[in-house]
Amino acid sequence: MSLPGVASMTARMILEAGAVKYSADQPFFLSSGWASPVYIDVQRLISFPRIRAALMDYASETVLADVGFEQFDTVAAVESSGIAYGAWIAERLALPLQYVHRRPRGFGREAQIEGTLRPGARVLLVDDISTDGRSKAELCRALRAMEARADHVLVMFFYDVFPEARALLAALPVRLHYLATWRDILAEAARSGYLPAAEIEDVQRFIQNPGHWSLEHGGIGVFPRA
Amino acid sequence: MGPDNPMRPVFDRADREQAAELFEAVRRISAARVGVTRPSFSEVETAAMNVIAEAAASAGLATRHDAAANLVIEMPGQPAGKAAYWMGSHLDSVPEGGNYDGLAGVVAGLLCLAKARRLGIALRRPLAVLGLRGEESAWFGKPYLGSYALFGKLSPHDLERRQRDTGRPLAEYMEKAGADVRRIAAGEPLVDAQSIAGWLELHIEQGPIMVAREAPVGVVTGIRGNLRHLSAVCRGAAGHSGAVPRWLRKDAVFALAELLMRLDENWQALNSRGVDLVVTSGIVGTDPRQHSISRIPGEVSFSLEIRSQSLETLEAFYQLVLVECAGIEKARGVKFDFGERVLSEPALIDREWAARLRRICGALQYPYIDIPSGAGHDAATFANHGIPAGMIFIRNDNGSHNPDEKMDLDDFMMGTEVLYQAVTSEPEAPR
């Protein structure tokens with residue numbers, strides 16, 4: 001991302017909050033079925049006031065620098081996982097807030113949203129994390145079906161290991177903004193000695209070929225069709 | 001022993017052909033519509049046992065049946081008084097299952113014993129092969145019946161379990177197969193655990209991992225246990241589907257659906273935190289004599305199965321099930337009645353066996369992987385009775401408990417080779 005120092009500082013905060021765990025013997029399973037040697041709990045950061053304040057500053061500045069100061073009409077937070085972050089960012093950017101359900105509740109234009117969303121509104125969709133991009137793509141499509149302009153997604157952390165994720169979002173098209181990826185975490189973990197070298201190597205194998213690592217450890221091996 | 005001085009395989013083309021013939025002979029007598037069906041303690045299971053026993057006899061081995069009607073194959077003239085290594089697996093199958101599930105382990109054991117006799121090698125310990133009955137829970141709602149009976153672990157209540165198709169009790173099937181039902185009902189151990197120095201079971205892998213990792217042989221590191229309710233019921237109140245508003249309903253099916261979705265959410269959260277767990281509700285149904293499209297279902301019956309390598313996880317998740325049920329009962333005016341709870345404990349694989357199997361794979365230069373067993377096996381019964389147990393998995397495509405399981409005979413012979421070396425050529429384990 002464009003702002004210098006943000007990625008490594010975000011990685012430092014994530015590690016300091018103890019939000020990363022490693023286990024190859026009993027892998028972690030993401031909801032989409034990927035087996036992974038590492039687990040990250042970005043929600044955990046909301047309990048650390050100094051970390052979350054710095055994180056929200058980085059997030060707001062990143063969006064302003066990447067997109068512009070007057071480019072959004074509202075912040076839409078993803079149900080449960082994105083609400084705290086979305087609310088803090090809406091406050092910093094002085095924008096309205098609503099949150100989006102992962103699936104519609106009932107029917108009608110606003111069945112998937114709490115709060116109010118004007119047709120034509122330029123939305124910044126906010127969540128804690130993006131793994132393979134599928135649920136973000138799904139939510140952007142839903143927002144567009146509500147006649148909103150959903151061209152930007154902001155997450156605190158992006159896996160950036162599944163090549164298909166970028167293609168999926170680019171095809172919509174949607175731009176993904178994020179503060180750090182697994183590469184940043186690994187660089188920081190190696191620098192600080194947070195993980196031993198052998199574990200870092202194993203995670204690197206996962207990052208280089210997540211499908212292969214996942215399949216080897218009982219998870220899915222190919223990117224599921226949208 | 002290292003790569004410079006590899007172990008020499010003992011099995012040859014003729015052994016491979018004999019294995020193929022045995023598999024085919026058993027398949028022929030148990031062929032069903034699309035797969036094979038060898039019900040627990042049935043005549044088909046007995047017939048399969050006889051095919052194996054005849055092959056053993058013609059290889060000059062001694063055969064007998066133990067008091068639970070399992071097949072026992074032994075080398076004649078073995079020294080008594082020394083604890084033995086036991087090999088083997090089960091001979092029954094699920095309905096319309098695959099031919100190799102269980103049978104592979106019995107055939108492998110038989111090949112090992114026959115080879116040891118033909119070569120006339122000096123054995124460090126007596127060897128025996130077991131063809132166990134009744135491992136599959138599909139028939140009487142409880143697994144490991146043959147090995148449980150050996151250790152006096154079946155209760156009189158278990159002996160009253162009904163066969164899924166005929167409704168006749170297990171005791172009747174056991175009696176017909178020649179088991180000593182009186183001793184089994186009394187919970188009397190039929191073997192002396194001290195006389196068994198180790199249990200080694202070769203089995204096909206029943207998941208997709210070895211195919212994915214291109215390993216013909218697997219060294220098992222642990223066995224998942226399970227907690228089951230075979231016949232649970234959720235009861236609400238029946239009513240007219242058009243006339244009763246949502247807030248007055250006590251819809252049993254919606255309540256069960258909510259329970260399953262809540263369990264799924266918890267399950268997903270636990271998996272993402274690296275907890276080993278699988279959950280299945282394999283039987284769900286409203287009564288066909290009563291159900292109708294215009295009737296709010298007042299009752300739905302279902303099964304619930306929780307599997308994990310950790311007993312703690314099983315119990316913790318079970319508590320969670322009860323808590324979720326209490327919440328749903330309150331919100332929806334229904335009542336969950338779980339009926340009998342059946343626990344099969346997870347089992348630890350003996351570290352010495354696992355290490356020995358790895359050394360042998362290395363010496364034979366066979367590619368292998370370490371792998372936990374998702375499915376349950378008789379090995380768990382032996383392990384939980386303090387007998388050092390080991391398991392060798394054989395790569396198998398298309399999963400198991402279905403007719404499409406696909407084991408390559410070359411992989412099977414590699415696993416059999418490892419089994420043979422493990423019981424004959426390695427130095428004594430400390431027991």
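**Close-up 1. Packing of helix α1 of chain B in a predicted model.** The buried residues of α1(B) pack against three helices of chain B: α2 (43-58), α3 (103-119) and α13 (409-424). These buried residues are B:Asp15, B:Ala19, B:Val26 and B:Ser30. They sit on the same side of α1(B) because they cover an arc of only 45° around the axis.

**Close-up 2. The exposed face and the length of α1(B).** Turned away from the buried side is a face with the exposed residues B:Arg13, B:Ala14, B:Glu17, B:Glu24 and B:Arg28. Helix α1 of chain B runs over residues 13-30, 18 residues in total. From first C-alpha to last, α1(B) reaches 26 Å, close to the 26 Å expected at 1.5 Å a residue.

**Close-up 3. An open sheet in chain A.** Six strands of chain A build this mixed sheet. Their order is β7-β6-β5-β8-β9-β10. The edges are β7 (113-114) and β10 (175-181) of chain A. Each edge strand has a single partner, so one side of each is left without a neighbour in the sheet.

**Close-up 4. The β6-β7 pair of chain A.** Strand β6(A), residues 97-100, pairs with β7(A) in the antiparallel sense. Two bridges join them. Here A:Val100 stands opposite A:Ile113 of β7(A).

**Close-up 5. Helix α4 of chain A on the sheet.** Helix α4(A), residues 134-145, packs on the sheet. It touches β5 (74-78), β6, β8 (122-130) and β9 (149-158) of chain A. The direction of α4(A) makes about 160° with that of β8(A).

Technical notes: Residues are numbered from 1 along each chain as its sequence is written. Chains are lettered from A and ligands numbered from 1 in the order in which they are written. This is a predicted model: local features need pLDDT of at least 70, side-chain atom pairs count only at pLDDT 80 or more; totals for chains, interfaces and linings use all residues. Helices (H or I, at least four residues) and strands (E, at least two) are DSSP runs, numbered from the N terminus. The expected span of a helix is 1.5 Å times one less than its number of residues. A residue is buried if 20 or more other C-beta atoms lie within 10 Å of its own, exposed if 12 or fewer, and partly exposed in between; C-beta atoms are placed from the backbone. The arc is that of the directions from the helix axis to the C-beta atoms. Two residues are in contact if their C-beta atoms, placed from the backbone, lie within 7 Å. Two strands pair if DSSP finds at least two bridges between them. Axes are lines fitted to C-alpha atoms, for helices over the stretch in contact, and angles run from 0 to 180 degrees between N-to-C directions.
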